Number of protein chains: 2
Amino acid sequence: MSSPTPIHPPQRFLFGPGPTQIDDRVYEAMSRPIVGHLDAYFLQLNEEIQQMLRVVFGTENKLTFVISGTGSGGMETAISNFVEAGSKVGVLANGYFCDRMTEMAKRQGADVVRLEKAWGEVFSDDEAAEFIARERPRTVMYVHAETSTGAMQKGKAICAAAHQVDALVIADVVTSLGAMPVQVDETGIDVAYSCTQKGLSCPPGLAPITVSPRAAERMNARTQPNRSWYFDLKLLNDYYNLSHRYHHTASISLFYALHEALALILEEGVQNRWERHSRCHAEFVKGIEALGLHMLVAKPEHRVVNLNTPCVPEGVDETKVRKTLLNEHGIEIMGGFGPLAGKIFRIGVMGPLATEAHVAKFLQRFGETLKGS
Amino acid sequence: MSSPTPIHPPQRFLFGPGPTQIDDRVYEAMSRPIVGHLDAYFLQLNEEIQQMLRVVFGTENKLTFVISGTGSGGMETAISNFVEAGSKVGVLANGYFCDRMTEMAKRQGADVVRLEKAWGEVFSDDEAAEFIARERPRTVMYVHAETSTGAMQKGKAICAAAHQVDALVIADVVTSLGAMPVQVDETGIDVAYSCTQKGLSCPPGLAPITVSPRAAERMNARTQPNRSWYFDLKLLNDYYNLSHRYHHTASISLFYALHEALALILEEGVQNRWERHSRCHAEFVKGIEALGLHMLVAKPEHRVVNLNTPCVPEGVDETKVRKTLLNEHGIEIMGGFGPLAGKIFRIGVMGPLATEAHVAKFLQRFGETLKGS
């Protein structure tokens, strides 16, 4: 074989839905020498990660830790632990990740019922509550910030209705965690999972998850073990929190990175961070509308603040726009897919790139590229 | 909460079974800025990783790539893709990881039959062949280098017997890959998986896997989908090799690290690397026997070369020895567990620590500590 390329990645400004730009402090922390996965130092960092995650998730849940897998591994952890074969699952389906939830739940042998909306729309409180009361599922799933559409689904009414029928609620907060308030306890979410490479501004590879006491109770009452050993929360809880008995060898370097990324978030303050993302989102939308584009998600209050989905204007070749931005300016954005293929851009403004200066610079390049396309 | 600890890990010499010491070049590569998971640069690196993995695995298998999970995730990938509910699985069980394989296969709903040996022993060709011919399982599983015992199980007779009854063979090469010849094609292994933090001298978090054409055929003929979506090799193959359609967001930084670790291995030459590990193993054993200790695995040809398991001498408190080494010299080694708890030390000599100088230094410290205990 020919000589492998040395690792000199091209410079990128990651304005896509994730992975996103990362602070140098996180890269530095990640490159520190590893210790063993049962070393007291690792266990201490892990403890601190759990504490910081509770702040970011907005929860007091004891069972709050990190899965050694990506955000999709977080989804599979949630579903494999809380959706049993033969049980009924209600999915509020309005985008790609709701479809993925559906697929995973079916593979677990669940009976999945769906309330569907067009991609980009959200469910009203009444629609969600009526669906749940009618179907009486054992588990309800929804996506808080739909990465495929940019739509933000509120959860409070969903959780209230679910708890009325004794259902657990699983919420996908993959895109929102760290950039928008997630407020697990206040909302009433039982299980929420996320990734590291979006709102938390960290490299991909880990999936934070949090589990409410009532969900933990249901988990402990399971008579059939989780079909997945790797994602079995009972075993993971034992490794991370109880006996520290070996389960798997955690991704130590990624734990270093996540620890530093969370420390940065707490230094800024979660409230300040959420406001910064909101402010930059408002700037972005103002600028994009000044360029003559419309946002796919019509109502401002239904928009994910750190992932913007402007519609592709008539006559514009979105693939060409994305290629030009990437090749000429090192700017990565993404397009739509599924029913939104060719119809939207997906533009993340988060983490270190969520500043007025970066937004202004982006809009300038984006505007020029659109004109030239 | 109190302020999180900045990431300043204590200096460690990782002489355990893994994670192991890592070359600075790997840390440097890992800390380079990430690109997107669909970026042409990432896809190119991924292609090169696959090529380099084929060399290390000793295979021409097209389906050779990396799972975004740890070695245990590799095990779950192998089992969830190649062990179907209701099918018969034969496990050659002589250590902890064989038990884990058994547990995972049972969770997949398989009918598991086991041929058992005491931990630390290995199966003769005839024993393995007779078991397989008698049981006629659909899948046979064994562990090449048992991390819990230090015993090395040869695979050629297992594979031949398995193929006689049209069974696939899954081999766990978690500890051996990169430090010992694995020779997938020559041995006849159908599915082999590993981790990154042992013989490959890379941080943990990824699981290399390789799949023979006949195993791929069986996989494609499955009528029931893999219960795991995350570890579904059909979907992963599509993302990495075919359409590059989004599946999950791969752990880009860990891919950088693995790419550099593999490049280092190929620069040294796999043959040279295996010989270096063998030489250091011989030195280690000589030194350990000079200290009056005996190796658990009696026959030299049955020993894993990069993971040594000397027995704890009568009257020595192995926990105290390990604590002293860690606290006074920053040297991490591990003890035995399960039936070998308190009975053996598990001492890895691999990667950057597999040099005559490191072995000599280790033996000196270890000898002093034993005397002082």
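Let me begin with a definition: helices here are DSSP runs of H or I with at least four residues, strands are runs of E with at least two, and both are numbered from the N terminus. With that in hand, we can place B:Tyr41 in helix α2 (residues 40–57) of chain B.

Before going on, please keep in mind that this is a predicted model, in which local features need pLDDT of at least 70, side-chain atom pairs count only at pLDDT 80 or more, and totals for chains, interfaces and linings use all residues. Residues are numbered from 1 along each chain as its sequence is written, while chains are lettered from A and ligands numbered from 1 in the order in which they are written.

Is B:Tyr41 buried or exposed? A residue is called buried if 20 or more other C-beta atoms, placed from the backbone, lie within 10 Å of its own, exposed if 12 or fewer do, and partly exposed in between; B:Tyr41 has 16 such neighbours inside 10 Å, and therefore counts as partly exposed. Leaving aside neighbours within four places in sequence, B:Tyr41 is in contact (C-beta atoms, placed from the backbone, within 7 Å) with A:Pro9, A:Pro10 and B:Val35.

Turning to chain A, strand β3 (residues 88–93) has five of its six residues buried, so the rest of the structure largely encloses this strand. Strands pair if DSSP finds at least two bridges between them, and β3(A) runs parallel to strand β4 (residues 111–116) of chain A, with six bridges joining them. Within this pairing, A:Lys88 stands opposite A:Asp111. On the other pairing, three bridges join β3(A) to the parallel strand β5 (residues 139–143) of chain A, where A:Met141 is the bridge partner of A:Val91.

Notes
Two residues are in contact if their C-beta atoms, placed from the backbone, lie within 7 Å.
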